[in-house]
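Dear colleague,

Please find below the sequence and structure that I am handing over to you. My notes on the findings follow directly after them.

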Amino acid sequence: MQTPNGSSIVNRYLVDIVLPNRVIKKDVIVCESKIKSQGFDVLIGMDIITSGDLSVSNFGKTVFSFRIPSQETTDYVHQERLKRIIGPKHGKGKK
């Protein structure tokens, strides 16, 4: 395995990954590492992330959300452009 800390020979395992929202990825090849000493239990890679929609928000507290399959594009730049075009709320929240 190649990491920022160098190369090493590690054990590999075939596992099923179950995420908190009960999304299951079956037969994932994982490598043994020492990330536990850095305060992590597992590192989810792009092989899983690219199979769905990932969102991390920090409004009040950090919230991680993930779903499979991907269902739509999240584009915050586009949403902000629409807000500028539509303008501020008027009256009872109508635009």
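Helices (H or I, at least four residues) and strands (E, at least two) are DSSP runs, numbered from the N terminus. The model is a predicted one, in which local features need pLDDT of at least 70 and side-chain atom pairs count only at pLDDT 80 or more, while totals for chains, interfaces and linings use all residues. Residues are numbered from 1 along each chain as its sequence is written, and side-chain values use heavy atoms, with hydrogens and water left out.

I begin with the largest pocket. A pocket is an open set of points on a 1 Å grid over the protein atoms alone, where a 1.4 Å probe fits and protein lies on both sides within 12 Å along at least five of seven lines; its lining residues have an atom within 4 Å of a point. The volume of the largest pocket is about 800 Å³, a volume being the space filled by probe spheres set on the points, which are joined across faces, edges and corners. Its lining comprises 27 residues, and Met1, Cys31, Glu32, Ser33 and Ile35 lie nearest the centre. Two or more lining residues come from each of β2 (6–7), β3 (12–18), β4 and α1 (46–49). Strand β4 contributes the most, with four residues. By class, the lining has 15 nonpolar residues (Ala, Val, Leu, Ile, Met, Phe, Trp, Tyr, Cys and Pro), four charged ones (Asp, Glu, Lys and Arg) and eight polar ones (the others, Gly among them).

Strand β4 (residues 24–31) also holds Asp27. The phi of Asp27 is near 55°, a positive value in a residue other than glycine. Asp27 is exposed, with a relative accessible area of 56% (exposed means over 50%, buried under 20% and partly exposed in between, with a 1.4 Å probe and protein chains only).

A second backbone feature is the cis peptide bond from Ile68 to Pro69, with omega near 0°. Pro69 is in the loop between β6 (63–67) and α2 (76–86). Most residues other than glycine have a negative phi, and most peptide bonds are trans.

The largest nonpolar core (buried Ala, Val, Leu, Ile, Met, Phe, Trp, Tyr and Cys residues joined through side-chain atoms within 4.5 Å) consists of six residues: Ile17, Leu19, Val23, Val28, Ile48 and Phe66. Leaving aside residues up to four places away in sequence, Leu19 is in contact (heavy atoms within 4.5 Å) with Ile44 and Phe66.

Ile49, in helix α1, is partly exposed, with a relative accessible area of 21%. On the same sequence criterion, Ile49 touches Ile44, Leu54 and Phe66.

With kind regards
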